[in-house]
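Trainee: I've got a model open and a pile of labels I'd like to see justified. Can we go through them one at a time?

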Amino acid sequence: MGLIRAVMDTAFWKGRQKCKPLGPRWPLLLFHVDTGGCGGCGMELQAMTCLPYDMQGAGFGFVTSPRSADVLLVTGPLTRTMAPVLQAAWEAMPDPKGLISVGACALDGGLFGENYAVMGGLERRVSVDLAIAGCPPSPQEILNGLCALLGSAAQGKEKETPLRG
């Protein structure tokens, strides 16, 4: 198995920088909530699980329940029908926990302005630990943002975990 990984790393990771797992919370478990929108960011997140991105090798993984997640990863603009779902997922997560917005829609509403059905983005409503911009951001940009989050947390040793509690 180690030989196969070495061959795949050599073949697919030329010119790309893999990040090393840092900090006490490895692997960092992500729970994804798509609050609306076109689904482009969700497709890019799915692409992260395949080669050549290898998010598990970088120290990240998706979980199917917020109860086992470290980070809530949000894509799409916040719609009025998904706001209670997002709140319930946040409350179900154990402390310490963090919030990451992926894509322009999740951050500031993107193409979807505020109206009777859409509340806009997260930036004016809650404190976001990491904002990954783009419409949609590429899998490499998302992985680089996640790695930067862990890297900055490992440099600032005053906190035990990289995300707010």
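Trainee: What makes β5 and β7 a pair?

Mentor: This is a predicted model, and in it three bridges join β5, residues 98-102, to β7, with the two strands running parallel. Pairing takes at least two bridges, so three bridges make β5 and β7 a pair. One of the partnerships to look up is Ile100 with Leu130 in β7.

Trainee: Where does that pair sit in the sheet?

Mentor: The order is β2-β1-β3-β5-β7, five strands in an open sheet with parallel pairing. β2 (60-62) and β7 (130-132) are called edge strands because each pairs on one side only. On average, neighbouring strands are turned by 25 degrees against each other, direction ignored.

Trainee: Which strands does helix α2 touch?

Mentor: Helix α2, residues 40-47, packs on the sheet and touches β1 (28-34), β2, β3 (71-75) and β5. Its direction makes about 135 degrees with that of β3. Helix α4, residues 83-92, also packs on the sheet; it touches β1, β3 and β5, and makes about 165 degrees with β3.

Trainee: On to the cysteines. How do you know that Cys38 isn't bonded to Cys135?

Mentor: Check the sulfurs. A disulfide needs them within 2.5 Å, and the closest cysteine sulfur to that of Cys38, in Cys135, is 6.2 Å away, so that is too far for a bond. Cys105 is in no disulfide either: its nearest cysteine sulfur, that of Cys135, is 5.5 Å away. The count for the structure is zero disulfides.

Trainee: Why is Cys38 called exposed and Cys105 buried?

Mentor: Exposed means over 50% relative accessible area; Cys38 has 68%, so it is exposed. Buried means under 20%, and Cys105 has 13%, so that one is buried.

Trainee: And what makes Arg125 partly exposed?

Mentor: Its relative accessibility is 39%, which falls between the 20% and 50% cut-offs, so Arg125 counts as partly exposed. You'll find Arg125 in the loop between β6 (118-120) and β7.

Trainee: Which residues does Arg125 touch?

Mentor: Leaving out residues up to four places away in sequence, Arg125 touches Leu78, Glu114 and Met119.

Trainee: How do you know that Arg125 has a polar contact with Met119?

Mentor: The backbone oxygen of Met119 lies 2.6 Å from a polar atom of the Arg125 side chain. The cut-off is 3.5 Å, so 2.6 Å qualifies as a polar contact.

How values were computed. Residues are numbered from 1 along each chain as its sequence is written. This is a predicted model: local features need pLDDT of at least 70, side-chain atom pairs count only at pLDDT 80 or more; totals for chains, interfaces and linings use all residues. Side-chain values use heavy atoms; hydrogens and water are left out. Helices (H or I, at least four residues) and strands (E, at least two) are DSSP runs, numbered from the N terminus. Axes are lines fitted to C-alpha atoms, for helices over the stretch in contact, and angles run from 0 to 180 degrees between N-to-C directions. Contact means heavy atoms within 4.5 Å. Buried means under 20% relative accessible area, exposed over 50%, partly exposed in between (1.4 Å probe, protein chains only). A polar contact is a pair of N or O atoms within 3.5 Å; within protein, one must be able to donate a hydrogen and the other to accept it, and residues adjacent in sequence count only if both atoms are side-chain atoms.
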